[in-house]
Structures are given as structure tokens and as C-alpha cells.
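Biologist: Could you take a close look at one part of this model for me, and tell me how its helices sit against their surroundings?

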Amino acid sequence: MSKLTKNQKLALGKIEAGKAYTLKEAAALVKEITTTKFDASVDVDVRLGVDPRKANQMVRGVVSLPHGTGKQVRVLALCTPDKEAEAKEAGADYVGLDEYINKIKGGWTDIDVIITMPSIMGKIGALGRVLGPRGLMPNPKSGTVTNEIGQAVREVKQGKIDFKVDKTGIVHTSIGKVSFDAEKIRDNAKEFVSTLLKLKPSAAKGTYIKSIYLSSNISPGIKIDPKSVEEN
């Protein structure tokens, strides 16, 4: 096991062992304990009381973060010619169809999100082996398969993200940057957790939100009291 750096030791020293912080406290603390020279991402990990192996307990959804993610999201719009101008005007980084399908077949995946239309999914299905493992396959449930191409592109650019519980029952996502004000970090985290609460499966029994941790790329996790998320 590698030794802790001086900064890591200082960060750990500022987190009280066993304490569950309020979301407001954690949002301020994660900024204080992150000392990277780059603008680190702020992440939320939520352990849910579900069994993801059962279809009726799968938790998946989308959320529009009020202050965005702080990331530059590269969007590819695979659409028909009549929708290209709409996609470009909305801010898509790449717009087209067959030329990009061929590029992807050749291994190109230098993008973060693909937005397409229902009528084109037949062509995109053949790209599953390339896009699937990278989490890039468009899905109607995440709003990335739609005839409203412009609207979908704008929402993604403004901070709409999709998420899914993993096989261990944890939902992990980035909800901002350390450079954000603590209040913005709090707002984004609150919106994300509130969305999870709305998605609680009826088949899930017992405690639904088991734990919440806030951290940056390199900081220790800060335990959050789930009840504090509901506070104003």
C-alpha cells in the first residue's frame, strides 16, 4: 500500500472519523481538502438498498443539474440532413450520419454523448460492440434517441446526465467541479439525490438510501447524513 502524501494526510485530518456531515458542510469541506493544481471533479456515491440483479429493482435515470457539470461535453448528433442545422445551432460538436457511423466502425469514439433519432437506430444497432462497452449507445430512456435533436443537444450541453446503479448497488456520478461555489455543489448534489429518491423501485424494501459520500478526484470521501439532503 502506497504511503499517504502530506496533502492527503492534511485532508484526512480535517475529516472527523465516523461523523456524518450535512450536505452543506460537506460541499464546503470538499473544496477545502482538495489541493490539486487542476480543477478536480466533485463526485457523489450513493449506496442504495436495492438488488440490481432483479429487473424490478434496477435504478436508472437522467437528471439536469441546475449548475451543470463544469465539463466540456463532446456531443455527436447522428441525424438526417433536415436536422443537421438544428443540431449545429444547439451546439453539437459533430453532426452527420454515414461518415460518422463509418468512423465509429473504424474505432473512433472521441465523444462523450451520442444523440440520434428513432428512424436511425437500425443503422446504429450494428455499432453496439464499439459503443456499448464505452457507455455511448443512445437510449430512449436517457433522452438520447429523439426527434427533438436540438433540445436534446442543449440539455446535454447544459448539464443533463444519465446514471445507472452498478452491480454492487452503488450509483456514482460527477456533479460539478471544485471551482464551483459550495452552494452550487450542494444544489447539484441535492438535485441528484432527490432524483434518486423519486426513482425508488416499489420492490425495494427497507432503507433505500444507505449511504452518501461526497469526494473529489483525489480527496477522501466525506460521509453525508441522508436526512440533510432534504433540508433547505
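Modeller: Happy to; I will go through one helix pair, and then turn to another helix for company.

This is a predicted model, in which local features need pLDDT of at least 70 and side-chain atom pairs count only at pLDDT 80 or more, while totals for chains, interfaces and linings use all residues. Residues are numbered from 1 along each chain as its sequence is written, and side-chain values use heavy atoms, leaving out hydrogens and water.

Let's start with helix H7, residues 149-157 (helices, H or I, are DSSP runs of at least four residues and strands, E, of at least two, numbered from the N terminus). Ile149, Gly150, Ala152, Val153 and Val156 are buried here (under 20% relative accessible area with a 1.4 Å probe and protein chains only; exposed is over 50%, partly exposed in between). Looking down the axis of H7, these buried residues fall within an arc of 165°, so they line one face of the helix (the arc is that of the directions from the helix axis to the C-beta atoms). Strand E3 (75-78), helix H3 (81-90), strand E5 (113-116) and strand E6 (160-164) are what that buried set packs against. After H7 comes Gly159, with a positive phi near 120°.

H3 deserves its own look. Its axis and that of H7 come within 8 Å and cross at roughly 20° (axes are lines fitted to C-alpha atoms, for helices over the stretch in contact, with angles from 0 to 180 degrees between N-to-C directions). The two helices are therefore roughly parallel (under 35 degrees; over 145 is roughly antiparallel, 65 to 115 roughly perpendicular, and the rest oblique). The crossing is right-handed (the near helix is turned clockwise from the far one by less than a right angle; anticlockwise is left-handed). From H3, Lys83, Glu86, Ala87 and Ala90 meet Ile149, Gly150, Gln151, Val153 and Arg154 of H7 (contact means heavy atoms within 4.5 Å). By class, this contact has four nonpolar, two polar and three charged residues (Ala, Val, Leu, Ile, Met, Phe, Trp, Tyr, Cys and Pro are nonpolar, Asp, Glu, Lys and Arg charged, the others, Gly among them, polar).

Lys83, Ala87 and Ala90 are the buried residues of H3. Down the axis of H3 they fall within an arc of 60°, so they too line one face of the helix. Their cover includes E3, strand E4 (94-96) and H7. Turned away from that buried side, H3 carries the exposed residues Pro81, Ala85, Lys88 and Glu89. Just after H3, Gly91 takes a positive phi of about 110°.

Pro81 also gives us a link to another helix: its C-alpha atom is separated by 49 Å from that of Leu29, 52 residues apart along the chain. Leu29 belongs to helix H2 and is buried, with a relative accessible area of 9%. Beyond its neighbours within four places in sequence, Leu29 is in contact with Lys14, Ile15, Tyr21 and Ile222. Ile222 lies in strand E9 (residues 222-224) and counts as buried, at 0% relative accessibility.

H2 (residues 23-32) has a helix partner as well, H8 (residues 182-198): their axes come within 8 Å and cross at roughly 125°. H2 and H8 are therefore oblique to each other, and their crossing is right-handed. The residues of that contact divide into seven nonpolar, no polar and four charged.
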